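The following briefing concerns two chains and the surface between them. Please consult the sequence and the structure shown here while reading.

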Amino acid sequence: MSKPGRNHQEELWNLMTALADSVLDSSDEEVLEEAQLNGDSAESTRETLLDGVKLLKKQRLADARAQYEAAAASMTAPRSSRIPTSLREMRDLLRSLLEARPQLQPALTAQFRDFAELSDEDVEGFLRQLDALGVLDEYLKDKR
Amino acid sequence: MSRRVPVEEAATVVQVEAAIAALTAADNARIVLYARRLVKGLGSTSRGRDHKDLMQDAVVSVLSDTRRWNPANVDFVGFLCGAMKSIASNWRNTGIRAGGVEVLCDDRPSDQPEPNPLLNAASSAADPERETIAKDEVERIDRLFEADDLVRDIIAGMGAGMSGPDIMECTGASEKEYRAAVRRLRRGVGREGGS
């Protein structure tokens, strides 16, 4: 007979976590026998774990693809009015933006090189990415 | 105090694959038994997820930024089991908070503090359907050992959150007797519950 006020969900969780922990310091013979009782083989367990690695690889691939597509989209999108047309103005804008937002510097050097060595295409590409992310708009509003 | 493993010391995919390949048959048995017991403990808050889902989520978390494994310092089996317990606990808290609403995943980072357990206990007790399912399961396990007083005491003690030494002290069982009884309990739960 169950006493009123008992929390059986809590009891079940406590019981099963204690039993799970007890597995860790049981002998090899014991755990092998218990796994066999459940029909679990070492091969099927290993396969399940490796499926987890495959799952992660798929996730990383999907993330990389999404980043690539976002970058490609930002390159092919029409140039916004926030990005100047002359190369000199583009460089000036990027330089002043990086001075005002030094936290962006690692993102730039991770993708490209030192500022002085950036090609004209790199400057425009980075500005386009910052524009797509809304960083450029925010910076220009702050500057006003 | 725990220290977050720096990225440069965290295991790579290749290292985790190698660690999985190097697991012994007994290591694999421990991991799968650990996962099965945790999922059983979730009761209806597992929301259809099984021990394989738990094992795979643990591997993913070991390789993600939420929980980094330092292969030079920490044993893989222990680390993976710790990851499984944390994930299962998150699933449980999410299931309890969600009540009757279907929730497919807990997006809270695994290293974020868990909500106040007192709030969880209060809200879990308030769901009569989940409570009935858990009650049936606890009583079913208890009935399996009607003739085994020590195992029944251990069920009660573990259910109340008591440690092994505390249960031994209360029951007067020796360590050898306690371990043998826990083994009977594990085997009974595994055999009868199909998990």
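**Helix H6 of chain B and the contact with chain A**

The face of H6(B) turned away from its buried side carries the exposed residues B:Pro128, B:Glu129, B:Arg140 and B:Arg143. A residue is exposed if 12 or fewer other C-beta atoms, placed from the backbone, lie within 10 Å of its own, buried if 20 or more do, and partly exposed in between. The model is predicted: local features need pLDDT of at least 70 and side-chain atom pairs pLDDT 80 or more, whereas totals for chains, interfaces and linings use all residues. Residues are numbered from 1 along each chain as its sequence is written, with chains lettered from A and ligands numbered from 1 in the order in which they are written.

**Helix H6(B)**
- Buried in this helix (helices being DSSP runs of H or I, at least four residues, numbered from the N terminus) are B:Arg130, B:Ala134, B:Glu137, B:Val138 and B:Ile141.
- These buried residues line one face of H6(B), because they fall within an arc of 95° seen down its axis, the arc being that of the directions from the helix axis to the C-beta atoms.

**Contact between the chains**
- In chain A, 39 residues are in contact with 53 residues of chain B, contact meaning C-beta atoms, placed from the backbone, within 7 Å.
- H1(A) gives the most to the side of chain A that touches chain B, with 16 residues.

**Loop residue B:Arg47**
- B:Arg47 lies in the loop between helix H2 (25-42) and helix H3 (51-62) of chain B.
- Although not a glycine, B:Arg47 has a positive phi of about 50°.
- B:Arg47 counts as partly exposed because it has 14 C-beta neighbours inside 10 Å.

Methods
Helices (H or I, at least four residues) and strands (E, at least two) are DSSP runs, numbered from the N terminus. Two residues are in contact if their C-beta atoms, placed from the backbone, lie within 7 Å.
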